[in-house]
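Q: Could you take a close look at one part for me, the place where the two chains meet? I'd like to hear what holds the two sides together and which pieces do the touching.

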Amino acid sequence: MNRLSEFLIGLLFGWGLLISGMTDPGKVLGFLDLAGAWDPSLAFVMGGAVLVGLLGFTVAKKRTRSFLGSAMHLPTARDIDRRLVLGSLTFGAGWGLAGFCPGPALVAMGAGIPKAALFVVAMIAGMLLFEMLERRIKLTSGASSKRT
Amino acid sequence: MNIDWVHFSPWAALTGGIVLGVASAAFVLVNGRVLGISGILGGLLVPQRSDASWRVFFLLGLILAPASLSLIAPELVGTPRIDAGNVSIVAAGLLVGLGTRYGSGCTSGHGVCGLSRLSPRSLVATLAFMASGFATVYLIRHVLA
């Protein structure tokens, strides 16, 4: 039951990305190009998503178990630190360079777009690089910093 | 400011956004998890983790979205416009992979879910990647070009 719902929600999220136009890097870059011919569509995507999300999370925060009875895995990290800001700045640079963020890239790869597949391979390499760097930092400092 | 009226698609954007919100709300209510793509994918790459199956099923759904939607409503599946060359694509992928893991989230986890949770941390992250995205496109299209 859990696996079925995760699959279906993944499917639905992919549909949302396709319908909204987020899987089209041209559209994303049109939003990020404030100084050019600006396409404000992405603000409407975020607006619609957060509007519904607010309702969902307001209910979710009050629950101790999910509808299917599993524990609630809500993030606990609260600190605004260098990792958060530098990581997000790095992500934004990559986003602006190609117009892909992780979800739309995976969906476009599923549509059989070769450049999206190339992006996903590079993205996974970037994530593996992060794991390697994390392990090195942990080995040298002995500190563990686990976040969600 | 110049609005690109040709490509501006408020209704499709709003409808798609609502679908994204429904999926995110459903994921936290039904499965008790935050729908963050970089975290879901990245979690598969962490050694000694035993929670691979739900991640795989979710990602499988995501990847099968275009095929399934083209069966129901082919007009909703557009063709992406990709201007970036292969070198830029690889560089962008590396930056996105590294950055999202280092910053603990992307457009879905911090942007949609984080803002919906009213998380100050996610608001900072979202402002940071938006600002960086704006700056990068400005540099590429209006300074270097």
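A: Let's start with the polar side of things, bearing in mind that this is a predicted model. Between chain B and chain A there are 28 residue pairs in polar contact, with both residues at pLDDT 80 or more. The side of chain B that touches chain A draws at least two residues from each of these: strand 1 (2-3), helix 1 (10-31), helix 2 (37-42), helix 3 (52-63), helix 4 (65-72), helix 5 (86-102), helix 6 (107-116) and helix 7 (120-144). Helix 1 of chain B is the top contributor here, giving 21 residues. Sort the residues on this side of chain B by type and you get 66 nonpolar, 35 polar and eight charged.

Charged pairs do turn up across the interface, though: chain B and chain A share four salt bridges. For one you can find on screen, go to Asp33(A) and Arg141(B), whose side chains form a salt bridge at 3.0 Å, N to O.

Now for the overall extent. On the contact count, 109 residues of chain B touch 108 residues of chain A. The two chains bury about 10000 Å² between them, and 76% of that sits on carbon and sulfur atoms. Within chain B, the residues that lose the most area to chain A are Leu29(B), Tyr102(B) and Arg121(B), which together make up 8% of what that side buries.

There's some strand pairing between the chains as well. Strand 1 of chain A, residues 37-38, runs parallel to strand 1 of chain B, and the two pair over two bridges. If you want a spot to zoom in on, Trp38(A) has Ile3(B) in strand 1 of chain B as its bridge partner.

To put that in context, step back to chain B by itself. Chain B has seven helices and one strand, and along the sequence the order reads β-α-α-α-α-α-α-α. Its C-alpha atoms fill a box of roughly 45 × 35 × 35 Å along the principal axes. Chain B has 145 residues, and 51% of them count as buried. As for contacts inside chain B with a separation of 6 or more, 35% come from residues 24 or more positions apart.

So much for the wider view; back at the interface, Leu29(B), one of the residues losing the most area to chain A, lies within the 10-31 span of helix 1, and that helix gives the most residues to this side of chain B.

Note on methods:
Residues numbered from 1 in each chain as written. Chains lettered and ligands numbered in written order. Predicted model: local features only at pLDDT ≥ 70, side-chain atom pairs only at ≥ 80, totals over all residues. Heavy atoms only, no water. Contact = heavy atoms within 4.5 Å. Buried area = accessible area lost by both parts, 1.4 Å probe. Polar contact = N/O pair within 3.5 Å; in protein donor to acceptor, adjacent residues only side chain to side chain. Helix = DSSP H or I, 4+ residues; strand = E, 2+ residues; numbered from the N terminus. Nonpolar A, V, L, I, M, F, W, Y, C, P; charged D, E, K, R; others polar. Pairing = 2+ DSSP bridges. Buried < 20%, exposed > 50% of the residue type's maximum accessible area, 1.4 Å probe, protein only.
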